[in-house]
Amino acid sequence: MAFGTVLVCLGNAVAAAILVNAAAAKLVAPERLANALRQLAPASIAGWIGLDGEGTGAGIARTAAGVEAAAAVGLLVPEVRVPAAALLALLGACFAALGVAGSVRGGTAPCGCFGVDSDRPLGAANVVAGLAMVGLAALNARHGLGAGSGYAEAAPALASILSIALSLWMRRRLVTRLLLARRAATPGSEVR
Amino acid sequence: MLVVFGFALLVLAVAVVVLFAMIGELAARVPAAETGAGWVRPTDEARLGSVPEVWPPELAHAPDRDTYVLLVLSTVCNSCKAVAAQLVDGQADWDGVGIVVSTASRRNGDDFVAERRLGGFVSYVDESGSWSREQLGVESSPTAVVLRRGRVVAAYAFSDLALLRSEVDDRSRPSEAKEAV
Amino acid sequence: MTERKDASGDGRRKGLGRRRFLSGVGASGLATAMAVFGSATPASALVAAGCCNLCRSRSGTFAQCSSGTHYVWSCSIGGSAFLHCTCCEHGAKSGCAHVTQSWYECRYN
């Protein structure tokens with residue numbers, strides 16, 4: 001595998017792993033992102049885009065989950081890699097814009113980008129992530145995969161392993177808590 | 001063949017990630033939803049045997065009562081909302097109880113009393129929790145402090161107000177000398 | 001005739017589904033754009049963390065939160081494992097508007 005292909009393969013696998021986790025989290029708990037979006041949405045158009053009350057915005061969160069999942073899978077299929085990269089760039093631009101809005105407004109609600117484990121509000125981290133996604137999309141557009149590059153074999157397998165590893169790492173507090181509880185509650189055992 | 005295997009692995013991985021996400025979400029909601037039987041347990045947090053030196057006007061009558069229970073709640077305590085609801089819905093006839101609302105500011109405390117419909121009970125808004133901390137030795141909620149003629153005789157952490165009340169009633173029977181005086 | 005009707009009915013359903021999906025994507029994009037250019041709504045969301053009810057999501061350290069104007073209190077929830085949390089709000093004067101940092105830590109005992 002050429003160096004450029006390795007770079008694209010790694011980058012896409014990492015992006016796919018992150019997107020799969022983000023999509024799963026939004027699917028399971030859309031209300032967190034909906035809450036964060038409601039806080040940032042200006043009152044003048046909140047009603048028009050469906051963010052005008054308690055419990056609204058779940059549809060937008062689920063749509064975002066669908067788009068993320070589609071981008072994740074598309075990046076791993078050589079035939080649709082470039083259109084998926086375009087979708088990735090669109091997502092990245094949205095995240096960056098929301099991060100800017102969160103930073104400027106001083107939003108306080110947790111973004112819910114990765115479900116219960118993301119307790120930070122929308123802000124600078126989302127801008128950085130968004131720009132990185134746009135950069136990766138540009139790399140995909142620039143670099144073509146040669147025939148027999150091995151990308152179709154390597155990328156999905158790598159993305160699968162990274163997805164599970166990321167999911168476990170993001171829930172390390174829960175795993176620790178469950179292990180501590182199993183040890184018949186040692187006094188003073190800390191959980192954050 | 002390898003490509004098929006790779007995508008099969010991806011499908012499995014996505015299913016596992018969704019499962020972990022569901023487990024994580026459920027686990028996060030467990031502390032907020034108290035399941036199972038209510039409980040009452042003594043806590044060693046309060047200054048047992050002591051008598052508060054200073055009484056706020058709202059609680060000035062407490063030292064005259066044979067038995068009086070102070071429920072120390074807080075505006076940052078999620079479980080205190082459930083306690084307030086139990087008080088309003090199930091213990092509205094309890095006249096030997098006063099509520100101390102520990103809070104960052106007077107306004108937060110007043111809002112808590114209004115929102116939880118505690119206006120029918122004796123309540124004192126304890127700004128910064130300083131009175132509870134200094135006079136009762138309590139810095140945690142929900143905590144019930146049992147007073148006998150103004151003296152702290154017991155303190156409990158609890159989830160079930162009806163259980164707490166029956167525990168307090170049992171203790172106040174003269175035949176059982178369990179007071180920490 | 002029937003086949004054509006079925007085909008067009010089927011096509012209409014697919015079209016509706018595609019339209020809803022695209023409108024969702026469009027609304028998301030619009031929400032993003034408007035969030036940047038529109039005016040803000042007041043921040044009033046509360047964060048449930050353990051048994052704490054905080055104004056902001058957790059950040060910084062306890063030392064930072066408990067310096068200057070602050071409010072620290074503990075809470076507990078029981079059951080099979082007793083959860084005890086310390087909750088902190090920094091800058092809390094009146095409502096969440098003045099809170100600049102929230103912090104919490106929970107433990108089982």
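In this predicted model, 39% of the 181 residues of chain B count as buried. Chain B holds 5 helices and 7 strands, and from the N terminus on these elements follow one another as α-β-β-α-β-α-β-α-β-β-β-α. Contacts that reach far along the sequence feature strongly here: among the contacts in chain B with a separation of 6 or more, 75% are between residues 24 or more positions apart.

The strands of chain B form an open sheet of 6 strands, with the order 1-7-6-2-3-4 and mixed pairing. Strand 1 (40-42) and strand 4 (122-127) of chain B lie at the edges; each has a single partner strand, so one side of each has no neighbour in the sheet. From one strand to the next, the twist averages 30°. Within this sheet, a parallel pairing over 6 bridges links strand 2 (residues 68-74) of chain B with strand 3 (residues 97-103) of chain B, and here B:L73 is found opposite B:V101. Helix 3 of chain B packs on the sheet, where it touches strand 3 and strand 4 of chain B, and its direction makes about 135° with that of strand 3 of chain B.

Helix 2 (residues 79-90) of chain B makes a handy check on geometry. Its 12 residues, at 1.5 Å a residue, should span 16 Å, and the end C-alpha atoms are indeed 16 Å apart, so expectation and model agree. Buried in helix 2 of chain B are B:S79, B:C80, B:V83, B:A84 and B:L87. Viewed down the axis of helix 2 of chain B, these buried residues fall within an arc of 150° and therefore line one face of the helix. Such a pattern fits the α-helical repeat: with 3.6 residues a turn, residues three or four places apart point the same way. The partners of the buried residues of helix 2 of chain B come from two chains, namely strand 2, strand 5 and helix 5 (161-171) of chain B, and strand 3 of chain C.

That last partner leads on to the interface. Between the two chains, 23 residues of chain B are in contact with 21 residues of chain C. On the side of chain B that touches chain C, helix 3 (106-115) and strand 5 (140-141) of chain B each supply at least two residues. By class, this side of chain B has 7 nonpolar, 13 polar and 3 charged residues. Strand pairing also crosses the interface, as strand 5 of chain B runs parallel to strand 3 (residues 70-77) of chain C, joined by 2 bridges. In this pairing, B:S141 stands opposite C:C75.

Key. Residues are numbered from 1 along each chain as its sequence is written. Chains are lettered from A and ligands numbered from 1 in the order in which they are written. This is a predicted model: local features need pLDDT of at least 70, side-chain atom pairs count only at pLDDT 80 or more; totals for chains, interfaces and linings use all residues. Helices (H or I, at least four residues) and strands (E, at least two) are DSSP runs, numbered from the N terminus. A residue is buried if 20 or more other C-beta atoms lie within 10 Å of its own, exposed if 12 or fewer, and partly exposed in between; C-beta atoms are placed from the backbone. Two residues are in contact if their C-beta atoms, placed from the backbone, lie within 7 Å. Ala, Val, Leu, Ile, Met, Phe, Trp, Tyr, Cys and Pro count as nonpolar, Asp, Glu, Lys and Arg as charged, and the others, Gly among them, as polar. Two strands pair if DSSP finds at least two bridges between them. Axes are lines fitted to C-alpha atoms, for helices over the stretch in contact, and angles run from 0 to 180 degrees between N-to-C directions. The expected span of a helix is 1.5 Å times one less than its number of residues. The arc is that of the directions from the helix axis to the C-beta atoms.
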